[in-house]
Amino acid sequence: MTDLRTALRDFPQGVGIVTATGPDGPVGVTVSSFTSASMHPPLIVVWIGEGASAWPVLRTAPLFAVHLLHAGQTALSDRFATTGSDRFGADTDWEPDTDDVPHLLDAPLRLRCRTVRRIAVEDHVALVGEPLEIQHNTGNPPLVRFQGRHTSVA
C-alpha cells in the first residue's frame, strides 16, 4: 500500500468538491479522483470514501454537484477536506440551486448531476452521475494535487 501511494503521488490529479443536500442541510467533500466515464450517454465518475462525512448523504442523494477548483482555491479545498470544519460558513461563497444542491459560486467548473449508479469497491464508492447542467468559466489554471501538495499546471 505504501509503495502504491508513493508511486501515485507522481500522477497529478485535479482537485474538486462534491456537494449535495440531505435532511440536515448541505454536505461537501474534497475529491481528487474524478473523470468522465462516457460521452454517449454523458456520464462522470467521482470516487468517495465510505468514511467521508458526506457519504451518508451521497449514499441516497438523487442529485449532487462536482465543482472543479482553480489554482487560487487551496483554502477552499482544505476546508472541505478537514473533518469538523465549517464548510458552508461565511468563508464559503455558495448558494443552493433550484433543487437545493449547494453551488460553490467561485468554482470555474460546476457539473450538476443526477445520480445514475453507485458502485462499491472495497472502502470507496464510484458515484456515477449524468450531468444535467454544466457551468464553465475559463481563465484560471486548475488546482491539482502533485507529490502530496496543491499546485497548478501553470
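**Exercise 1. The salt-bridge network**

Task: In this predicted model, find which residues are linked in a network of salt bridges, and work out which parts of the chain the bridges of Asp 97 tie together.

Solution.

Step 1. Start with the members: the network of salt bridges links Asp 97, Asp 99, Arg 110, Arg 112 and Glu 133. The structure as a whole holds 5 salt bridges.

Step 2. Take the pair Arg 110 and Asp 97. Their side chains meet in a salt bridge, with N to O at 2.9 Å. Arg 110 belongs to strand 9 (residues 109-121), while Asp 97 sits in the loop between strand 7 (94-96) and strand 8 (102-104), so this bridge ties together parts 13 residues apart in sequence.

Step 3. Now look at the other partner of interest, Arg 112. The side chain of Asp 97 also meets that of Arg 112 in a salt bridge, at 3.7 Å from N to O. Here the loop between strand 7 and strand 8 is linked to strand 9, and the two residues are 15 apart.

Step 4. Check the burial of these residues, remembering that buried means under 20% relative accessible area. Arg 110 has 2% relative accessibility, so Arg 110 counts as buried. Asp 97, at 15%, is buried as well. Arg 112 is also buried.

**Exercise 2. A salt bridge between two strands**

Task: Which residue forms a salt bridge with Arg 114, and are the two partners buried or exposed, or in between?

Solution.

Step 1. The partner is Glu 130, with the closest N and O atoms 2.8 Å apart.

Step 2. Place both residues on the chain. Arg 114 is in strand 9 and Glu 130 in strand 10 (residues 124-136), 16 residues apart, and the pair links distant parts of the chain.

Step 3. Compare the accessibility values with the limits: under 20% is buried, over 50% is exposed, and partly exposed lies in between. Arg 114 has a relative accessible area of 37%, so Arg 114 is partly exposed. Glu 130 has 24%, and therefore counts as partly exposed too.

**Exercise 3. Two hairpins**

Task: Describe how strand 2 pairs with strand 3, and how strand 4 pairs with strand 5.

Solution.

Step 1. Strand 2 and strand 3 pair in the antiparallel sense over 7 bridges. They form a hairpin, with 2 residues between them. To find your place in the ladder, match Gly 16 with its bridge partner in strand 3, Val 31.

Step 2. Ask how well strand 3 is covered. Of its 7 residues, 5 are buried, and the strand is mostly covered.

Step 3. Move to strand 4 (residues 34-39) and strand 5 (residues 42-49), which run antiparallel and are joined by 5 bridges. A hairpin of 2 residues connects strand 4 to strand 5. A handy pair to look for is Ser 36, which stands opposite Ile 44 in strand 5.

**Exercise 4. The nonpolar cores**

Task: How many residues does the largest nonpolar core have, and which elements each supply at least two residues?

Solution.

Step 1. The largest nonpolar core has 22 residues. Those with the most contacts inside it are Val 18, Ala 20, Val 29, Val 46, Ile 48, Leu 58 and Phe 64.

Step 2. Trace where the core residues come from. Strand 2 (16-22), strand 3 (25-31), strand 5, helix 2 (55-58), strand 6 (63-68), strand 9 and strand 10 each give at least two.

Step 3. Zoom in on Val 46. Beyond its neighbours within four places in sequence, Val 46 contacts Val 18, Val 31, Ser 33, Phe 34, Phe 64, Val 125, Ala 126 and Leu 127.

Step 4. Another core, of 9 residues, lies apart from the largest one; Val 15, Ile 17, Phe 80 and Phe 88 are among its residues.

**Exercise 5. A small sheet and His 150**

Task: What is the strand order of the open sheet of 3 strands, and what does the side chain of His 150 meet in a polar contact?

Solution.

Step 1. The order is 1-11-12, with antiparallel pairing. Strand 1 (13-14) and strand 12 are at the edges with a single partner strand each, so one side of each has no neighbour in the sheet.

Step 2. Strand 11 (residues 143-146) is joined to strand 12 by 4 bridges. One of the pairings matches Val 144 with Thr 151.

Step 3. Find His 150 in strand 12 (residues 149-152). At 19% relative accessibility, His 150 counts as buried.

Step 4. The side chain of His 150 makes a polar contact of 3.0 Å with that of Ser 77. Outside its neighbours within four places in sequence, the residues in contact with His 150 include Val 15, Thr 74, Asp 78 and Leu 143.

Conventions
Residues are numbered from 1 along each chain as its sequence is written. This is a predicted model: local features need pLDDT of at least 70, side-chain atom pairs count only at pLDDT 80 or more; totals for chains, interfaces and linings use all residues. Side-chain values use heavy atoms; hydrogens and water are left out. A salt bridge is a side-chain nitrogen of Lys or Arg within 4 Å of a carboxyl oxygen of Asp or Glu. Buried means under 20% relative accessible area, exposed over 50%, partly exposed in between (1.4 Å probe, protein chains only). Two strands pair if DSSP finds at least two bridges between them. A polar contact is a pair of N or O atoms within 3.5 Å; within protein, one must be able to donate a hydrogen and the other to accept it, and residues adjacent in sequence count only if both atoms are side-chain atoms. Contact means heavy atoms within 4.5 Å. A nonpolar core is a set of buried Ala, Val, Leu, Ile, Met, Phe, Trp, Tyr and Cys residues joined through side-chain atoms within 4.5 Å.
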